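Me: I would like a close look at a single part of this model, worked through slowly and then set in its surroundings. Please keep the account connected rather than listing features one by one.

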Amino acid sequence: MSRKVRLLSGNEVVAEAAIAAGCRFYAGYPITPSSEVAAVMAKELPGVGGRFIQMEDEIASMGAIIGASLAGVKSITATSGPGFSLKQEHIGFACITEIPCVIVNVMRGGPSTGLPTAPSQSDVMQAMWGTHGDHPVIALCPSYLREIFTETVRSFNLSEKYRTPVILLLDEITGHMNGRVEFPDIEELEIIDRKKPTVPPDQYYPYDTSFGDVPPLANFFDEGYRYHVTGLNHDKTGFPTINPELIQADEERMLRKISDNLDDIIKYEEMNLDDADIALVAYGSTARSARAAMDEARAKGIKVGLFRPITLWPFPEKGLLKVAEKVHTIIVPEMNLGQMILEVERIVKERAILKGIHQVDSRPISPERILKKIEEVTK
Amino acid sequence: MTFPYEDYLRNEKLPLLWCPGCGDGIVLKAIIRAIHKLGWKKDDIAMVSGIGCSGRTPGYVDFNTLHTTHGRPVSFATGIKMVRPDKHVIVVSGDGDATAIGGNHFIHACRRNIDINLIVINNSIYGMTGGQFSPTTPIGINTSTTPMGNIDPAFDIGQLAIAAGATFVGRQTVAKGLMLSKMMEEGFAHNGMTVIDVIANCHTQYGRRNKLGDPIKLIKFLQDKAVPLRKAEKMKPGELEGKFVTGVLHKVEREEYTDAYERLIKEAKGQGGK
């Protein structure tokens with residue numbers, strides 16, 4: 001493959017990275033601004049022996065990728081705003097049945113049809129709490145093209161490793177920004193596949209926790225390993241149970257498989273925080289503006305640093321706590337009316353003064369606006 | 001000779017949770033007989049279902065089984081079939097599951113002509129949730145949400161499947177278990193979307209609310225409305241009022257969806273890749 005360096009948009013990078021991660025099935029429904037992911041997958045998958053299908057709706061796309069994953073093929077879907085809302089039912093199904101899959105949500109303005117061609121970050125809480133019931137979730141939110149590649153690969157790896165859906169959050173800016181992308185060496189990529197059973201079929205159970213909190217997963221049609229999967233609460237055999245102890249234990253295990261592995265799942269970037277008086281907490285495309293604002297503030301002699309969560313859920317609590325101990329003010333710019341700032345507030349409490357910049361007017365948050373806020377809190 | 005049903009059942013899961021006299025058990029037997037006749041290996045079969053009484057069918061069979069969300073089993077089945085076109089996929093659904101909440105998935109799977117075998121256990125009511133009317137409940141019928149009689153016109157699932165593009169469409173009642181099984185055998189062997197509309201009894205909800213008696217009486221009531229295709233062809237449209245036609249209603253050959261996709265893969269690889 002002679003394509004180590006290419007000019008691509010963020011959405012296109014997602015598709016290329018998914019194929020590099022071993023994804024061989026895409027099901028989706030047309031929606032702006034995520035369309036390029038589908039277009040690239042439709043073009044590229046047949047050539048690598050993969051399969052693409054445009055389904056009749058968002059819910060069906062989500063059902064199809066779960067089915068395909070259960071049959072042993074790494075699968076992905078991509079959507080935006082309204083489509084992400086529609087997918088929630090089946091995201092919950094993937095959570096409780098613990099079937100790996102990756103859902104890309106290229107965030108746009110909302111609620112409802114909202115602003116199809118404008119950026120937003122107003123789905124960050126929905127990514128965590130969108131589907132009903134208690135459930136673990138992993139949500140990643142890259143800011144740069146190269147990082148979109150690595151985080152897409154990581155989405156598949158975490159999904160396979162922890163038997164859970166992983167949500168990859170882009171927004172209209174990160175999805176549509178074009179740039180030079182240097183591809184990592186495909187051969188050197190770390191690719192994780194789901195843990196397969198090591199026991200013979202007659203001893204296999206799809207939710208057998210004697211192998212740890214993430215039970216091995218046989219694929220449908222693996223010789224002899226016939227088992228049952230249901231969206232009902234189930235016991236280790238996969239069959240429905242109404243036993244209160246088993247239900248409680250299983251729901252707690254599903255949360256624990258994430259909460260016991262935070263160091264493996266959580267990723268964030270820190271810049272200029274060692275001597276900082278003010279910290280910016282920003283993610284996705286807004287982190288790019290925050291970085292520019294930080295540089296300008298530094299040039300003016302204001303000690304500003306940047307804390308950039310790449311894993312949004314579970315939120316990098318430990319890392320942020322250390323920052324909160326050091327700075328006097330934390331500024332959270334985000335393209336919503338105050339979502340992730342609630343999580344920041346929960347963690348930071350009284351340790352620092354908290355200021356938000358919440359813009360939902362269809363335009364990205366400019367470095368100037370963030371700089372203005374920095375100067376305000378410096379006075 | 002007794003038929004070896006136990007070879008295909010998860011016998012430890014018996015007895016069935018369905019009400020005594022329920023048609024779902026007849027459908028289960030018919031499916032197993034058809035599979036046995038076809039000689040399909042258990043490892044090679046995925047059975048997928050949605051929500052409702054019909055949704056519990058896969059739990060009893062020793063295949064790869066998937067009990068999904070309400071109305072959406074066909075979407076999961078589509079994903080399975082797409083990546084494993086060499087395997088057999090059966091969906092067991094109900095009238096509400098397949099043609100109300102799952103109506104969109106139903107028509108589009110038919111349109112694609114993907115090789116999924118969809119059995120719709122059509123008892124014209126939501127049994128599990130307390131007897132609400134469904135898209136196939138006849139006019140005038142009492143249900144828990146039509147206390148003054150149903151005013152919603154009903155779907156004809158067979159015609160819907162044909163119009164949407166399914167290439168094998170059949171209908172049979174649970175009174176004719178062996179004929180149903182033979183139809184399934186033919187439909188399962190057919191390469192393309194198969195829809196079998198199984199007219200079934202729900203005496204617990206439908207029968208009770210409409211004074212149609214016990215299961216045997218209700219099944220007889222339904223069977224009396226059934227007109228075999230050959231007989232129906234000689235009847236005037238007016239004479240079929242209030243009745244339904246049984247038999248293989250539609251069987252045509254058209255390229256199956258995963259076969260078509262296989263062509264794309266060959267073409268893409270033939271171009272030498274990128």
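Which residue of β15(A) does A:Ile278 stand opposite?

Reply: In this predicted model, A:Ile278 stands opposite A:Thr329 in β15(A). That pair belongs to the pairing of strand β12 (residues 278–281) of chain A with strand β15 (residues 329–334) of chain A, which runs in the parallel sense over three bridges. Further along, A:Leu280 stands opposite A:Ile331 in β15(A).

β15(A) also pairs with β16(A), again in the parallel sense, here over six bridges. Within this pairing, A:Val332 stands opposite A:Gly356 in β16(A). Five of the six residues of β15(A) are buried, so the strand is largely enclosed by the rest of the structure.

The sheet that holds these strands is open and has five strands in the order β11-β13-β12-β15-β16 (chain A), with mixed pairing. Its edges are β11 (268–271) and β16 (353–358) of chain A, and each of these has a single partner strand, so one side of each is left without a neighbour in the sheet. On average, neighbouring strands of this sheet are turned by 20° against each other when direction is ignored.

Two helices bear on the description of this sheet. Helix α11 (residues 317–326) of chain A packs on the sheet and touches β11, β12, β13 (304–309) and β15 of chain A, with a direction that makes about 165° with that of β13(A). Helix α12 (residues 340–348) of chain A lies across β12, β15 and β16 of chain A and runs at about 160° to β15(A). β12 and β15 of chain A are thus among the strands touched by α11(A) and among those that α12(A) lies across.

To place this part in the whole chain, one can turn to the domain assignment, which divides chain A into domain 1 (5–188), domain 2 (201–262) and domain 3 (269–378). The centres of domain 1 of chain A and domain 2 of chain A, taken over C-alpha atoms, are separated by 25 Å. Their contact takes twelve residues from domain 1 of chain A and twelve residues from domain 2 of chain A. On the side of domain 1 of chain A that touches domain 2 of chain A, the largest share, three residues, comes from α4(A). That side has, by class, seven nonpolar, three polar and two charged residues.

α4(A) appears again where the two chains meet, a contact that involves 34 residues of chain A and 35 residues of chain B. On the side of chain A that touches chain B, at least two residues each are supplied by β2 (25–28), β3 (51–54), α3 (58–70), α4 (81–97) and β10 (228–230) of chain A. The most is given by α3(A), with nine residues, and the residues of that side of chain A divide into 19 nonpolar, nine polar and six charged.

α3(A) itself has 13 residues and reaches 19 Å from its first C-alpha to its last, close to the 18 Å expected at 1.5 Å a residue. Of its 13 residues, 13 are buried, so α3(A) is largely enclosed by the rest of the structure. Just after α3(A), A:Gly72 takes a positive phi of about 100°.

β10(A), another contributor to the side of chain A that touches chain B, is joined by three bridges to strand β2 (residues 64–67) of chain B, and the two strands run parallel. The bridge partner of A:His228 in β2(B) is B:Thr65, while A:Thr230 stands opposite B:His67 in β2(B). This pairing belongs to an open sheet of nine strands with mixed pairing, in the order β10(A)-β2(B)-β1(B)-β3(B)-β4(B)-β8(B)-β7(B)-β10(B)-β9(B). At the edges stand β10 of chain A and β9 (226–228) of chain B, each with a single partner strand, so one side of each is left without a neighbour in the sheet. From one strand to the next, the twist averages 20°.

Chain B also offers a helix pair for inspection: helix α2 (residues 73–83) of chain B and helix α4 (residues 103–112) of chain B pack at an angle of about 35°, with their axes 8 Å apart. In this contact, B:Val74, B:Ser75 and B:Thr78 in α2(B) meet B:His105, B:Phe106 and B:Ala109 in α4(B). By class, the contact has three nonpolar, three polar and no charged residues.

Conventions. Residues are numbered from 1 along each chain as its sequence is written. Chains are lettered from A and ligands numbered from 1 in the order in which they are written. This is a predicted model: local features need pLDDT of at least 70, side-chain atom pairs count only at pLDDT 80 or more; totals for chains, interfaces and linings use all residues. Two residues are in contact if their C-beta atoms, placed from the backbone, lie within 7 Å. Helices (H or I, at least four residues) and strands (E, at least two) are DSSP runs, numbered from the N terminus. Ala, Val, Leu, Ile, Met, Phe, Trp, Tyr, Cys and Pro count as nonpolar, Asp, Glu, Lys and Arg as charged, and the others, Gly among them, as polar. Two strands pair if DSSP finds at least two bridges between them. Axes are lines fitted to C-alpha atoms, for helices over the stretch in contact, and angles run from 0 to 180 degrees between N-to-C directions. Domain bounds come from an automatic or database domain assignment. The expected span of a helix is 1.5 Å times one less than its number of residues. A residue is buried if 20 or more other C-beta atoms lie within 10 Å of its own, exposed if 12 or fewer, and partly exposed in between; C-beta atoms are placed from the backbone.
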